[in-house]
Amino acid sequence: MPATPPRPKAPAQAIRRAGRAAATAIPVFALYGEDGARPNVDFVHVELIRSRSEARSWEIGLHRHDALFQTVCVLSGEVTATLDGQRRTIAAPVAITVPAGVVHAFQFAAGTHGYVLTLAAGLPQRLPDPRARALITALEDAARVIELAQDEKRVSSLLRHIEAETRQNLPGQSVLCEWLAASLLVVLARRDALTRRAEANNSLRAPLFDAFRALVEAHYREHWPVKRYAEALRVTESRLDRLCRAVANASAFQVVRDRLLTEARRLLVHAPATVATIAFDLGFEDQAYFCRFFRKGAGLTPSAYRREGRARLS
């Protein structure tokens, strides 16, 4: 039986036409639900999230903008965002930046509060400060999700100022709106840069910190001093301390102490042994010293902690 001939490949032009057809299947809006011409270079628009989504069951369908840069700031509530095919659910407070051309959609939890800031693409190029231009330009590379826990009040204030300014027809309105919008984007870009830097640093530090935690787990009952842990890891004490402060927000000594305290708490509540026996099991030769250690770290004597802990369980 003759072999089935291979299926001929589609001509390159046909492939390009198919790609263009798929792209044009995604609606392109000026603002969502509105067709419009390319915006002016100084275009700045802000509105509440609910203004377009509430009437649509809090859902904004897949679409894109050819010449707009949007920032969706969710200050309370939750949103499921689809950004160039990637879908994730995010709790407030968070900002989602959407550069021109990114296909996106949002499903907000009912009652979600926040703002949508829309700008003409290319704002960074009009800023006089090259450092600000560099910061904001980074946001135009791809859609980003930026947590606002540390910047929520500042971001909310800037958005309210932009909204108030756009309601008035006063001299210099467009310039002031653009400056306020640029300030907001600098805040977001700076937070994004700091977060990425911290994540990169932590990814490099994590193996060493994990090795330290494993050593602590193996030897905390032996009461190794920090110096001995550092020697075992072949690092200096100061480097080990900096590592712990960066990753765990605690000194190396505190990491060791907290592991010992955690085990003491666990044994006092769940083990039938006496306080003296627990002290000995945890490497304390002197029960009185164990009691002082525990009270300093837990704020209660071992006996009082045991009574309270067991009362909660009963």
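Buried here means under 20% relative accessible area, and exposed means over 50%. The model in these views is predicted.

**View 1. Helix α10 from end to end.** Helix α10 runs over residues 287-298. Its 12 residues, at 1.5 Å a residue, should span 16 Å, and the end C-alpha atoms do sit 16 Å apart, so the two agree. At the start of the helix, a side-chain oxygen of D286 comes to within 2.9 Å of the backbone nitrogen of A288. Just past the other end, G299 has a positive phi of about 85°.

**View 2. The two sides of α10.** F290, F293 and F294 are the buried ones to look for in this helix. They cover an arc of only 95° around the axis, which means they lie on the same side of α10. An α-helix has 3.6 residues a turn, so residues three or four places apart point the same way. Flip to the other side of α10 and you find R292, R295 and K296, which are exposed. As for partners, the buried residues of α10 pack against α8 (252-270), α9 (275-281) and α11 (302-313).

**View 3. The largest nonpolar core.** This core has 35 residues, and the members that touch the most others are F212, Y229, L240, L282 and F290. Two or more residues each come from α5, α6, α7, α8, α9 and α10. The top contributor is α8, with 9 residues.

**View 4. Around Y229.** Leaving out residues up to four places away in sequence, Y229 touches F212, L215, V216, H219, Y220, W224, L240 and V256. Apart from the largest core lies another one, of 29 residues, including C73, L139, L180 and L185.

Methods:
Residues are numbered from 1 along each chain as its sequence is written. This is a predicted model: local features need pLDDT of at least 70, side-chain atom pairs count only at pLDDT 80 or more; totals for chains, interfaces and linings use all residues. Side-chain values use heavy atoms; hydrogens and water are left out. Helices (H or I, at least four residues) and strands (E, at least two) are DSSP runs, numbered from the N terminus. The expected span of a helix is 1.5 Å times one less than its number of residues. Buried means under 20% relative accessible area, exposed over 50%, partly exposed in between (1.4 Å probe, protein chains only). The arc is that of the directions from the helix axis to the C-beta atoms. Contact means heavy atoms within 4.5 Å. A polar contact is a pair of N or O atoms within 3.5 Å; within protein, one must be able to donate a hydrogen and the other to accept it, and residues adjacent in sequence count only if both atoms are side-chain atoms. A nonpolar core is a set of buried Ala, Val, Leu, Ile, Met, Phe, Trp, Tyr and Cys residues joined through side-chain atoms within 4.5 Å.
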